[in-house]
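Me: Please take a close look at one sheet in this structure and describe how its elements are arranged. Before that, tell me where I should be cautious in reading the coordinates.

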Amino acid sequence: MQQLISNILSGMSYGSVYALLAVGLVLAYKTSGIFNLAYGAQAFVSGAVYFDARVRHNLPIPVAFILAVLIVAPLLGILLDRVLFRYLRTASPVAKLVTVLGLLVAIPQILKLWFGQNPQYGTEGIVPNGDKAYNPFGTVFVSRDDLATIGITLIAVIALTLLFRFTALGLRMRAVVESPRMTELAGIDADRVSMASWILCSILAGLAGVLLAPLFAAVSELNYTTLVVVAMSAAVLASLTSIPVAFLGGLALGVIGEVVDAYLPTNSVLASNLRPALPFIVLFLVLILSPSLRNRRHAADPLAGVDPPPPPLAASLRSPFLTNGTRAFGTLVGLGMAYYLFFHAAENWVTIAIQAVILATIFLSITVITGMAGEISLCVATFAAIGACTTAQLATRFGIAAMLAMLIGAVIAAAVGALLALPALRLGGIFLSLATFAFALFFDNVMVKFDWVGGGSLPEPAPRPLFGSIDFDKSSRSFLVLCLIVFVIVAIAVIAVREGTTGRVLDALRGSEVAATSIGISATRARIVVFSLSAAIAAIGGGMMAMNEKAANINPNFVPAQGLVFVVLVVSLGSRTVEGAIQAAIGYAAAQIVILNQAFPWVINHVQPWYHMGQPPQTLAIILLSIGAFTYAKHPEGVLEFQKRRSLDNVQRAIDRFKGPGKIDGPMGEQSDPSLESLLSPGTPTAAPATGSP
Amino acid sequence: MRVRIVAACAVIALLAVACGNAGSAKSTVTTAPSGTAGPTTTADLTKNVPVAAPGVSDTEIHVAAITTNSNNPTGSYAPLADGVKAYFEMINSQGGIYGRKLVLTADHDDQLGSNRQTVQASLSQDNAFATFIATVFFTGADLLATKSQPVFMWNINKEFNNHNTFFANDAALCFTCAGHVGPWLAKQLGATKIGVLAYGIAEQSTACAKGIKASFAKFPTAKVVYDDESLGFAQPLGPQVTQMKQKGVQFVLTCVDLQESFTLAKEMKKQGMNAVQQLPNGYDQDFIAKNGDLLEGSIVIPQFLAFEQTPQIQEIKDLFKWSDRIGVKVKELTAVGWQIASQLYTGLKGAGPEFSQAKVVNYLNTLTDYTDNGFLQPLDWTKGHTDPITHPEARGGQECANLTKVEGGKFVPVYGEPGKPWVCFKTKDPTVDHPTHTSFAPAGS
């Protein structure tokens, strides 16, 4: 009994921090509609500032606390609100999610430029002699840090509940969430209310960051971002609406974790699999079983849905002349690159090209699920991992031809995708994304370690194929050709689906699900098809990656964090076209070498102060890539699609000027209305002409 | 439309079925091309003859380094390159070798996730004679092995095994092998009840725990009364410590990183558990200086001769002197960089003035007792590449360790004898009762 009490008390300490984070997530969602996946990163900022002030500069505890929690944390909240979040209030759930994913990646990297890359040990809590333990019942040990954490969390939650229930500010905050536009019609400054809520959320994150620091050995990004998954589970338990439930959920998860640790037999299959996966399993089960989440697909804002649908693809607005010109130019560039790669380029450029082509194949799965179905799946990398593992296992252990093994992997991934989609797809929006993320974490933490999945201590080898006399192992250029063939086939399939019945069904569902359903369209069926197709495509890419690297290197290629980067990159560049996937892949593959190994060495040599600080400036590349996500809210069609639209506009104007008045070359030929300007204005409802483009 | 999709599927299926698999992906053993190396005299070391080898000019020998600096959850591995530079500085101050200076011309950061791409870029761009590696993941190992380039690395990656062109500060690791040191140490500590902790999410950590249990099964100086090999990363350890305390554990051996060791120490202090902890990754002077009070009494076994062993050998004095000369602070990985750079130099010396990559590799592979002047326990490269789990006969004839204890924020050498810091056991000795104390430093060092 005493051990149980000890476990409960110990669990409450961690549970309090989970609870604080969960409450912050709910608060942010309630007041801004944003599920802040970057919340752990915000907590990391305050944890690092507290460490720096207290340990490195030896400032008194109260000063360090005020600096980290009451100055830096709210300032960060104000900054994020001013720069990002206030523009997201009426944005789509996808735009909100992509933006916070960008923050999740960028904030720790930016912070580490100052804080340092290494975990920092020896932090202190907010009470003197925090590690002094009390032993009230003989075998129950509670430290001063534990007591402070539990006490401060309780105070914070009670204060928040009172704020929401009994103050005008709380009422306004809730009103802004329901409908910012309606609230403004009532004379309330939604921007000011939004800022107040972000200040509050950031203080909570800061508080969690500082309280968490002494519970773990080191102030490390990984500790904070990992914990947020547990907090997510608690927040979802509260349906993202109830602060008390989120608080209790966080506490409960902390306690359950400790009790499971104590009572499950060590080294049992159950213990070794359940323990690391518990938060993800809870998150997934809550998402798919909670009745309150079933009907959340529709926005609560009564004025939602009055925004026009997204404009058609720029390519579909091109005149035939420009279309042909663009295609000719693209062909020339492609041939030029091919000539260089096959006859002149050094081996590493061929390697980069192979990686880019394979990544483009994987990214096509994002084109399908996000560009076509309008959903964000955060387990794209996991499906690629399934493809890689299946290819390697079947080819190496059973001697099956690698390409056939890859196809079997695609079928397995499609089946897993369908199974995942059945319960998860009814959620939609942020909840679907969370469910897919939980699945990704579960696969990575539990499944990959099985010998028959990940290969054990060394990744399972994967041979390259042999096609008649062509040995793809001997020449990387021949393997590049194979990758290109696979990519082209997949791309054709994606375009075919987009332009076929399924694509039109998905268009209809994105336009109005109710209307589409009323004419007999099965939303569930269409989404399951698309989810399975997306999974299969990712698996094909994963299989090709395994063959390329001659091993199923799940870690680091296909870990969940990598999947987040994939999504951020593709969606912010353009998820609606095959072209977007190609550009994202080239950017990702080339950035590693061109920017990091060539451009940044120049920077290192010329920006000596950074170098002497010992901070690798390479992290700037990751920061730049993730900051790209911030443009998504403004350009949901993707930055490249936006630029293409602008370029087309300019080129079309130049052509029009050259041809003179009355000789307009529009989408419908010379007789068409030259209202490209109006067509190019985002938000203008326009029927897409039949001429599509990849 | 359906026809097009079916056609696309058919093409893929055709490709797949028609394809076989190239080569055998499991045949990863690499051997260097043939080449002979003869003994080199001191006078030969200044002889400069034209050599046609990658990265070699008339005046310089270029090498590359790839380390995981950014995004590394265990901290940057950049100090490895510092150790290499320090060693090269010393050699170059003596005139270099064969009239050439040793130069680290490329220092790449694989950022954790881009090892293969970085290796490929290095192979294409750097034109390096050899590559130094300290990376969390080594997915580009096969690329380096295919080139038969000498590779010198910090031996933490299992990809090291079975590649005869790879050299390290230690021979191929055998996590699951039963060893003498743990049980002997338990006996020295007077501990009869052992606790074992390992991550369940990392296969090497679990294998390490199996090795500890096998050791105590083979040499039953103490009994493993608690073991948990299913820890998650950054996991609170309250229940584990409670149970270890209840079971009377006196000595805790772990296969976890420094962060988890630190968490364990905090929890042990909180619950008032008095047991000695062995830190598998704790040889960090700065860390211990700042946090030593919590880890007081813990045992740390460095991979090499501890800096604190007295009398300090000349190699360690040189490491500090030349690191200071290039303005870097000596850390664990700086020492490893120094040790593997020393192996490159040894290989070059052995290869002779008309050296080549193959000659360097072949010469090193003839060494059976390499110690870097006493800095390392003897390395036998005639069998040190072979995975001892699959080939038990490849294990060395003896097992050595030099031990330190955390006291007052410092590492204090323990269990050695004056001038004989290493404690060694014959691998085939069925007991732990016959340790021998020795030094591997050259006489007079």
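**Confidence, then the sheet**

Reply: Over residues 608-617 of chain A, pLDDT (the predictor's confidence in each residue, from 0 to 100) stays under 50, and the model has 12 contacts beyond four places in sequence for this stretch, a contact being two residues whose C-beta atoms, placed from the backbone, lie within 7 Å. This is a predicted model, in which local features need pLDDT of at least 70 and side-chain atom pairs count only at pLDDT 80 or more, while totals for chains, interfaces and linings use all residues. Residues are numbered from 1 along each chain as its sequence is written, with chains lettered from A and ligands numbered from 1 in the order in which they are written. Residues 664-694 of chain A also stay under 50, with 54 contacts beyond four places in sequence. Where pLDDT is low, the predicted coordinates should not be read in detail.

As for the sheet, five strands of chain B form an open, parallel arrangement in the order 3-2-4-5-6; helices (H or I, at least four residues) and strands (E, at least two) are DSSP runs numbered from the N terminus, and two strands pair if DSSP finds at least two bridges between them. Strand 3 (101-109) and strand 6 (166-168) of chain B each have a single partner strand, so one side of each lacks a neighbour in the sheet. Strand 2 (residues 60-67) of chain B pairs with strand 3 of chain B in the parallel sense over eight bridges, and Val63(B) there stands opposite Leu104(B). Helix 3 (residues 115-125) of chain B packs on the sheet, touching strands 2, 3 and 4 (130-134) of chain B, and its direction makes about 170° with that of strand 2 of chain B, where axes are lines fitted to C-alpha atoms, for helices over the stretch in contact, and angles run from 0 to 180 degrees between N-to-C directions.
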